[in-house]
Amino acid sequence: MFIELMPMLKERTVLITVALIDGKLKVNVIPTKAKDSEDHALTTPLSYTGSPEELDAELGKHLASYVDSHVQLGSTLAEAKAEMDAAAKAARQRAKATQQTPKSEQTTSKQDAPATTPTTIETPSLFAPQRQTGEPPAQAGS
């Protein structure tokens, strides 16, 4: 049982509790956080209940599988964090490079652009009656 726990024990403390419940043993293996910033997934406990004979025969295999999954999860989380850190660093460098573009270049490019005058399109009102050409404007109250 302790041989199977060694890969996990290299990284963190592991708490083990054993209780007798209804004639069976319940074993809890609870890894603690190695760092405060560590993901909670790495502290997921393993609980196994069985007779003493079953635990003697099976617990080592279950622990080995649990520790292997735990180590792989820790590795995957570390890789993902490293990739996110690298992407964030690259984004900061791109933003810094963009901010360092000389303002004279930006001014020049604006001056080089052809001046355009906005075009106003007049559309007839839907609410006012249309008058015929040569007809006097309508008087209010008539």
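The lining of the largest pocket comprises nine nonpolar, three polar and six charged residues. The model in which this pocket is found is a predicted one. The volume of the largest pocket is about 480 Å³. Its lining is made up of 18 residues, among which E38, L42, G74, L77 and A78 are the closest to the pocket centre. Helix 2, spanning residues 52-99, and helix 1 each contribute at least two residues to this lining. The largest share, eight residues, is supplied by helix 2.

Two of the residues closest to the pocket centre, E38 and L42, also appear in the surroundings of R12. Residue R12 lies in the loop that connects helix 1 (2-9) with strand 1. Its relative accessibility is 9%, and R12 is therefore classed as buried, the cut-off for that class being under 20%. Beyond its neighbours within four places in sequence, R12 is in contact with P31, T32, K33, A34, E38, L42 and H70. One polar contact can be stated at the atomic level: the side chain of R12 reaches the backbone oxygen of T32 at 2.8 Å.

The contact between R12 and P31 leads on to the strands. P31 belongs to strand 2, where it is the bridge partner of V14. Strand 1, residues 14-21, and strand 2, residues 24-31, are paired in the antiparallel sense through eight bridges. On its other pairing, strand 2 is joined by five bridges to strand 3, residues 46-50, and these two strands also run antiparallel. Within strand 3, Y48 stands opposite V27. Strand 2 thus takes part in a pairing with strand 1 and in a pairing with strand 3.

The connection between strand 1 and strand 2 deserves separate attention. The two strands form a hairpin with two residues between them, and D22 is located in that loop. What is the sign of phi at D22, a residue other than glycine? The value is positive, near 50°. As a general matter, most residues other than glycine have a negative phi. Is D22 buried or exposed? With a relative accessibility of 79%, D22 counts as exposed, because the threshold for that class is over 50%.

R12 and D22 thus provide two contrasting reference points: R12, in the loop before strand 1, is buried at 9% relative accessibility, whereas D22, in the loop between strand 1 and strand 2, is exposed at 79%.

Definitions and conventions
Residues are numbered from 1 along each chain as its sequence is written. This is a predicted model: local features need pLDDT of at least 70, side-chain atom pairs count only at pLDDT 80 or more; totals for chains, interfaces and linings use all residues. Side-chain values use heavy atoms; hydrogens and water are left out. Two strands pair if DSSP finds at least two bridges between them. Helices (H or I, at least four residues) and strands (E, at least two) are DSSP runs, numbered from the N terminus. Buried means under 20% relative accessible area, exposed over 50%, partly exposed in between (1.4 Å probe, protein chains only). A polar contact is a pair of N or O atoms within 3.5 Å; within protein, one must be able to donate a hydrogen and the other to accept it, and residues adjacent in sequence count only if both atoms are side-chain atoms. Contact means heavy atoms within 4.5 Å. On a 1 Å grid over the protein atoms alone, a cavity is a set of points where a 1.4 Å probe fits but cannot get out, and a pocket is an open set with protein on both sides within 12 Å along at least five of seven lines; lining residues have an atom within 4 Å of a point. Grid points are joined across faces, edges and corners, and a volume is the space filled by probe spheres set on the points. Ala, Val, Leu, Ile, Met, Phe, Trp, Tyr, Cys and Pro count as nonpolar, Asp, Glu, Lys and Arg as charged, and the others, Gly among them, as polar.
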